[in-house]
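Here's a short walk through the packing of this chain, written for someone who likes to check side chains by eye. Pull up the model and follow along.

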Amino acid sequence: MTGLILKDFINLKKYLRILLLIVIFYAVIYIPKGNADFIASFLIFLGAMPVMSTISIDDNSKWNSYASTMPIKRTDIVLSKYILMMIFILCSGLFCFTLLTVADKLNNSFNLERILLITLASTCLGLIYDSINIPIVFKLGSEKARLIMMLVLFIPFGITLFLSKTLEKSTITSLINIINSYQSVLPIIVIGATILIVVSSYFISANIFAKKEF
């Protein structure tokens with residue numbers, strides 16, 4: 001298992017350098033302006049991408065065909081991807097928390113509750129995004145799944161934008177009030193739902209991968 005994860009890190013070495021430069025570039029631009037919330041969301045999205053890249057690399061290099069001749073369990077190959085996903089997104093979440101804290105301190109507007117909520121929401125969205133896409137990529141392959149991955153990313157934003165434009169302000173206010181009334185238990189619900197989605201995604205991916213022929 002450790003060897004599989006190490007292989008992916010080695011394959012991503014150049015990609016991670018570029019990723020770090022992108023994060024630093026946007027952080028330098030947006031943090032002094034106090035607009036770090038954008039960086040937080042963008043950072044989690046970047047953290048969700050590496051695991052998809054490793055699956056694409058494996059497909060292009062025919063790694064899975066080679067791995068099928070070795071004493072490696074297919075479930076271990078799938079599990080290594082989910083562990084890699086957790087590593088990157090949780091690290092992105094930690095980095096997100098740090099950037100938001102620094103931005104608030106610089107702008108004298110430190111709000112720990114807001115920072116924690118943004119970090120939690122962004123991290124859970126990143127995990128859910130990957131958990132939806134990984135089974136699709138295993139099923140269709142990295143090339144065929146690209147369009148669906150983009151749809152998974154943009155459809156929720158499109159629906160949110162559409163509802164914000166079509167719903168009356170009173171309706172939106174009522175929905176916000178309902179959410180606020182459950183604010184104390186909402187983080188628990190979000191975390192529980194995210195864990196359920198990640199675990200379900202793993203079993204679906206493992207089942208798909210077990211039936212593939214290489």
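Y82, Y202 and F203 come together as one aromatic cluster. Keep in mind that this is a predicted model. The structure has 4 aromatic pairs, and one of them is Y82 with Y202, an edge-to-face arrangement with 5.7 Å from centre to centre and 90° between the planes. Y82 belongs to helix α5 and Y202 to helix α9, so this pair links parts of the chain that sit 120 residues apart in sequence.

Are those two tyrosines buried or exposed? Y82 is buried, because its relative accessibility is just 4% and the cut-off for buried is under 20%. Y202 also counts as buried, with a relative accessible area of 18%.

What does Y82 touch, once its neighbours within four places in sequence are set aside? The contacts are I134, P135, V198, S201, Y202 and S205.

There's also a cation over a ring to look at: the charged end of R74 sits over the ring of F209, 5.9 Å from the ring centre.

Now for the nonpolar packing. The largest core holds 28 residues, and Y82 turns up again among those with the most contacts inside it, along with V51, V78, L84, M85, I134 and F138. Helices α1, α3, α4, α5, α6 and α9 each put at least two residues into this core. The largest share, 7 residues, is from α5. A second core, separate from that one, has 12 residues, including V23, I39, A40 and I115.

Helix α5 deserves its own check. It runs over residues 74-106, and at 1.5 Å a residue its 33 residues should span 48 Å; the end C-alpha atoms are 48 Å apart, so the expectation and the model agree. Just after α5, N108 adopts a positive phi of about 55°.

How confident is the predictor? The chain averages a pLDDT of 78, and 80% of the residues score at least 70. The two extremes within the chain look like this:

| Helix | Residues | Mean pLDDT |
|---|---|---|
| α8 (lowest) | residues 169-181 | 55 |
| α9 (highest) | residues 186-211 | 89 |

So where is confidence highest in the chain? That would be helix α9, at 89, and α9 is also the helix that holds Y202, the partner of Y82 in α5. Confidence is lowest in helix α8, at a mean of 55.

Note on methods:
Residues are numbered from 1 along each chain as its sequence is written. Side-chain values use heavy atoms; hydrogens and water are left out. Helices (H or I, at least four residues) and strands (E, at least two) are DSSP runs, numbered from the N terminus. The expected span of a helix is 1.5 Å times one less than its number of residues. pLDDT is the predictor's confidence in each residue, from 0 to 100. Rings of Phe, Tyr and Trp (its six-membered ring) pair if their centres lie within 6.5 Å; planes under 30 degrees apart count as stacked, over 60 as edge-to-face and the rest as tilted. Buried means under 20% relative accessible area, exposed over 50%, partly exposed in between (1.4 Å probe, protein chains only). A charge sits over a ring if NZ of Lys or CZ of Arg is within 6 Å of the ring centre and within 35 degrees of the ring normal. A nonpolar core is a set of buried Ala, Val, Leu, Ile, Met, Phe, Trp, Tyr and Cys residues joined through side-chain atoms within 4.5 Å. Contact means heavy atoms within 4.5 Å.
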